[in-house]
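Visitor: I have a few labels I would like explained. Please take me through them one at a time.

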Amino acid sequence: MTNLLDINFIDDANQALKPQLNREYQYLGEKLATQNVDIEDLVSAAQQFEIAVPTWGVGTGGTRFARFPGVAEPRNIFEKLDDCGVIQRLVKCTPKVSPHFPWDVVDDMTAVKQQADSLGLGFDAVNSNTFQDQQGQIHSYKYGSLTHTQQATREQAIQHNLDCIAYGRVLGSKALTVWVGDGSNHPGQQHFSRALERYLDSARVIYNSLPDDWTMFIEHKMFEPAFYSTVIQDWGTNILCALELGEKAKSLVDLGHHAPNVNIEMIVSRLIQFKKLAGFHFNDSKYGDDDLDSGSINPYQQFLIFNELVDAEYRKADSFNPAYMLDQSHNVTDPIESLVNSAESVQRSFVQAKLVNRKALYAYQDDNDALMASNTLKAAFHTDVSPILAMARLRSGGAINPIETYRKANYRQNLKEQRPASQSSGSGIV
Ligand code: LRH
Ligand code: MN
Ligand code: MN
């Protein structure tokens with residue numbers, strides 16, 4: 001492992017930036033004090049904020065047309081963990097990693113745990129993959145996995161999920177995320193309710209095998225790879241399945257998995273109300289499941305989602321403990337830089353939402369003062385909280401300016417020999 005970007009390197013880079021940060025912090029602190037907001041509370045909140053990094057995100061993604069590999073990409077789970085460690089050292093709000101199986105399976109999973117421990121990283125939800133065939137696999141998922149018409153294929157997909165739980169137990173994970181691309185491409189191809197019955201039967205076996213302190217995250221997605229119908233296509237089917245399975249099953253919201261113009265923040269509110277919000281796969285999109293960097297297209301939507309989350313926190317909503325994770329595909333950027341930016345972007349929305357004057361907002365809502373209610377949200381959203389985020393990083397031992405610091409370190413160039421270009425993305429997504 002390269003020792004670039006260690007605490008001393010980051011500290012050196014911070015020295016030059018400290019005076020300016022202190023000035024900006026002081027100015028913002030004074031401004032917030034006039035609104036009766038203590039900037040120190042926001043820094044502590046930012047320091048406590050955590051969002052997990054997906055192992056598949058540190059490899060360069062691709063589309064079904066092409067993949068353009070980057071320099072010194074990680075080739076296996078150990079190198080992916082190294083990159084996740086770099087992200088965490090820079091931003092200090094990404095202490096956990098979310099692995100995807102079988103992409104991240106090795107013979108000795110304890111070695112993966114040891115490597116993560118040595119980097120100070122833990123594990124978030126483990127993700128199963130029954131959306132593509134693996135080499136040597138007996139039954140194909142071409143026509144589905146947990147919902148397949150043939151029992152043997154369903155059993156194989158169930159077993160894979162049980163294997164994922166076993167890997168996750170070694171890693172110290174507490175949740176299994178199940179996303180299936182199962183569905184159909186032609187009207188009439190699939191019997192809607194029979195397919196969902198098969199899903200529930202399969203999911204029940206997985207659910208019943210969960211350790212007591214685990215949660216099953218069900219992830220929906222409107223389309224792709226199935227282009228006519230998908231079995232778990234939206235939050236409606238998702239929550240119905242979660243209710244059917246039981247308390248340990250919850251619904252996960254991936255921002256790119258909805259129809260255009262759907263009010264995602266309202267879905268979030270509903271899931272919170274019925275104690276079924278598992279967590280998020282953050283990303284952004286313009287057209288569909290684009291997996292663009294979080295907050296890069298519609299930061300106001302991301303803020304509005306956090307407005308619901310912070311509101312739930314404020315109201316001390318029951319069973320509210322959502323898992324935050326990034327799920328992005330980086331096609332033209334250095335994945336480390338995109339993940340650094342995205343983690344900061346999501347953290348920014350969280351801090352901005354903390355700035356919402358909730359008492360004032362509730363009063364405007366009660367008075368039906370639509371304009372002032374909207375302005376209350378806008379005032380928080382328009383506040384530049386950058387000095388708070390930078391101060392949180394500095395105090396936690398991270399970088400004031402993570403991208404600049406990362407670029408100074410020449411991380412990729414230094415790893416070029418050690419990590420020669422490979423055809424596979426490492427993430428498995430092409
Ligand atoms: C599906 C998805 C799901 C998968 C990941 C690779 O589009 O969002 O979370 O596990 O992408
Ligand atoms: Mn996802
Ligand atoms: Mn997706």
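Visitor: In what order do the three strands of the open sheet run, and what is the sense of their pairing?

Guide: This is a predicted model. The order is β1-β2-β3, and the pairing is parallel.

Visitor: What makes β1 and β3 edge strands?

Guide: Each pairs on one side only. β1 covers residues 53-54 and β3 covers 122-123.

Visitor: How do you know that β1 pairs with β2?

Guide: Pairing takes at least two bridges. Two bridges join β1 to β2 (residues 96-98), so the pair meets the cut-off. P54 has S98 as its bridge partner in β2.

Visitor: Which peptide bond is cis in the loop after β2, and what is its omega?

Guide: The bond from F101 to P102 is cis, with omega near 10°. P102 sits in the loop between β2 and α4 (109-119).

Visitor: Which strands does β5 pair with, and over how many bridges?

Guide: Strand β5 (residues 175-178) pairs with β7 in the parallel sense over four bridges. Two bridges join β5 to strand β4 (residues 126-127), again running parallel. Within these pairings, A175 stands opposite T215 in β7. N127 stands opposite T177 in β5.

Visitor: Why are both faces of β5 called covered?

Guide: In a regular strand the side chains alternate between the two faces of the sheet. In β5, A175 and T177 are on one side, and L176 and V178 are on the other. All are buried. Buried takes 20 or more other C-beta atoms within 10 Å.

Visitor: What makes β7 mostly covered?

Guide: Strand β7 (residues 215-219) has four of its five residues buried. β7 also pairs with strand β9 (residues 249-254), in the parallel sense over four bridges. There the bridge partner of F217 is K250 in β9.

Visitor: Which peptide bond is cis in the loop after β7?

Guide: The one from E224 to P225, with omega near 15°. P225 is placed in the loop between β7 and β8 (229-230). Most peptide bonds are trans.

Visitor: Why is α2 called oblique to α13?

Guide: Their axes cross at roughly 60°. Roughly parallel needs an angle under 35 degrees, and roughly perpendicular takes 65 to 115. The crossing falls in neither class, so α2 is oblique to α13. The axes of α2 (residues 39-48) and α13 (residues 386-396) come within 9 Å. The crossing is right-handed.

Visitor: Which residues make that contact, and how do they divide by type?

Guide: From α2 come I39, L42, V43, A46 and Q47. From α13 come I388, L389, M391, A392, R395 and S396. They divide into eight nonpolar, two polar and one charged.

Visitor: What is notable about the phi of S319?

Guide: Phi of S319 is near 50°, a positive value in a residue other than glycine. Most residues other than glycine have a negative phi. S319 is in the loop between α9 (299-314) and β11 (323-326).

Visitor: Why does S319 count as exposed?

Guide: Exposed means 12 or fewer C-beta neighbours within 10 Å. S319 has 11, so it counts as exposed.

Visitor: What about N368: which sign has its phi, and why does N368 count as exposed?

Guide: Phi of N368 is near 55°, a positive value. N368 has 7 C-beta neighbours inside 10 Å, so it counts as exposed. N368 lies in the loop between α11 (358-366) and α12 (370-381).

Notes: Residues are numbered from 1 along each chain as its sequence is written. Chains are lettered from A and ligands numbered from 1 in the order in which they are written. This is a predicted model: local features need pLDDT of at least 70, side-chain atom pairs count only at pLDDT 80 or more; totals for chains, interfaces and linings use all residues. Axes are lines fitted to C-alpha atoms, for helices over the stretch in contact, and angles run from 0 to 180 degrees between N-to-C directions. Angles under 35 degrees count as roughly parallel, over 145 as roughly antiparallel, 65 to 115 as roughly perpendicular and the rest as oblique. A crossing is left-handed if the near helix is turned anticlockwise from the far one by less than a right angle, and right-handed if clockwise. Two residues are in contact if their C-beta atoms, placed from the backbone, lie within 7 Å. Ala, Val, Leu, Ile, Met, Phe, Trp, Tyr, Cys and Pro count as nonpolar, Asp, Glu, Lys and Arg as charged, and the others, Gly among them, as polar.
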